[in-house]
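Student: I would like a close look at a single part of this protein, the place where two of its helices pack together. Could you walk me through that spot and then place it in the rest of the chain?

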Amino acid sequence: MKGGEIINSLKEKILNTSIELFYKKGFEATGVREISKKAKVSPSMINYHFGSKKGILKEIMELFFSYMEEYLNKEHVEEKNFEERIRMAIKSLVIALRKNEKMFKIIMTQIPDDDIDLIEYRTEKMKKIILGRIFLDEFKGFNSNIKYEIIGPALSGMIFSHFLLKDIATQITGTKFDDEFYEIYPDYIADIYLYGALKKLKE
């Protein structure tokens, strides 16, 4: 193993350990020494790669959003018409969230309320993906009475809330969220978003 490969391996080990601890215990309740002990690396190695515990969280965010971008790039969403773009984007985001669910929950629930830098970073990334990659300029020139600030968050809310509340939903409905469920989930959400829940229920 070459020097660069060793460094990458150690960095991944620290990241993976941090993801597990942040997910189980929370960001605030997890210390650098605990991460170093669990990852079997020295605290100085963590500081070398990430600078601080906040640096680890920032790296997790960067990694997660790069995965989301990767899935959208794969489908060339900007080249589709509006409805196709919505459908492909939902499918891509669901795939990304399923494969990186722990990172997503950390990003959405573990950023300290007083950490303006990380909150703004998350906000800009979400805006870039939801408004910049999916909606583009679709609503420019429409009736000014339409509340566009609701339209974008409504879509992300429909998708993201499922993964944040999945455990509770399972307890309430008994639904099994398996591959079969996620095969139909993206199109179902797209139909509800584009044409309304009542239309979907009447089919």
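Tutor: Happy to! Let's start with the residues that touch. On one side, helix H4 contributes Leu 57, Ile 60, Met 61, Leu 63, Phe 64, Phe 65 and Tyr 67; on the other, helix H6 offers Met 103, Phe 104, Ile 106 and Ile 107. Sorted by class, this contact between H4 and H6 holds 11 nonpolar residues, with no polar and no charged ones. Please keep in mind that the model is a predicted one.

Now for the geometry. Two packed helices are described by the angle between their axes and by the distance between those axes. Here H4 spans residues 53-75 and H6 spans residues 101-109; their axes come within 10 Å and cross at roughly 120°. Angles of 65 to 115 degrees count as roughly perpendicular and those over 145 as roughly antiparallel, and H4 and H6 are therefore oblique to each other. The crossing of H4 past H6 is left-handed.

H6 also has a neighbour worth a visit. Leu 164 belongs to helix H8, which covers residues 148-164. Setting aside residues up to four places away in sequence, Leu 164 touches Phe 104, Lys 105, Met 108 and Thr 109. Phe 104 is also among the H6 residues that meet H4. Leu 164 and Lys 105 are 59 residues apart along the chain, yet 6.6 Å separates their C-alpha atoms. As for solvent, Leu 164 has a relative accessible area of 35%, so it is partly exposed.

For a second helix pair to set beside this one, look at H5 (residues 82-99) and H10 (residues 179-195), which pack at an angle of about 140° with their axes 10 Å apart. Their crossing is right-handed. From H5, the residues in the contact include Phe 82, Ile 86, Ile 90 and Val 94, along with Glu 83, Arg 87, Lys 91 and Arg 98; from H10, they include Tyr 182, Tyr 185, Ile 189 and Leu 194, as well as Asp 179, Asp 187 and Asp 191. By class, the contact of H5 with H10 has 12 nonpolar, no polar and seven charged residues.

Finally, the setting. The chain has 11 helices and zero strands. Of its 203 residues, 38% are buried. Among contacts with a separation of 6 or more, 71% join residues 24 or more positions apart. The chain exposes about 12000 Å², and carbon and sulfur atoms supply 54% of that area.

Technical notes
Residues are numbered from 1 along each chain as its sequence is written. This is a predicted model: local features need pLDDT of at least 70, side-chain atom pairs count only at pLDDT 80 or more; totals for chains, interfaces and linings use all residues. Side-chain values use heavy atoms; hydrogens and water are left out. Helices (H or I, at least four residues) and strands (E, at least two) are DSSP runs, numbered from the N terminus. Buried means under 20% relative accessible area, exposed over 50%, partly exposed in between (1.4 Å probe, protein chains only). Contact means heavy atoms within 4.5 Å. Accessible areas come from the Shrake-Rupley method with a 1.4 Å probe; for residues, only the protein chains shown count as cover. Axes are lines fitted to C-alpha atoms, for helices over the stretch in contact, and angles run from 0 to 180 degrees between N-to-C directions. Angles under 35 degrees count as roughly parallel, over 145 as roughly antiparallel, 65 to 115 as roughly perpendicular and the rest as oblique. A crossing is left-handed if the near helix is turned anticlockwise from the far one by less than a right angle, and right-handed if clockwise. Ala, Val, Leu, Ile, Met, Phe, Trp, Tyr, Cys and Pro count as nonpolar, Asp, Glu, Lys and Arg as charged, and the others, Gly among them, as polar.
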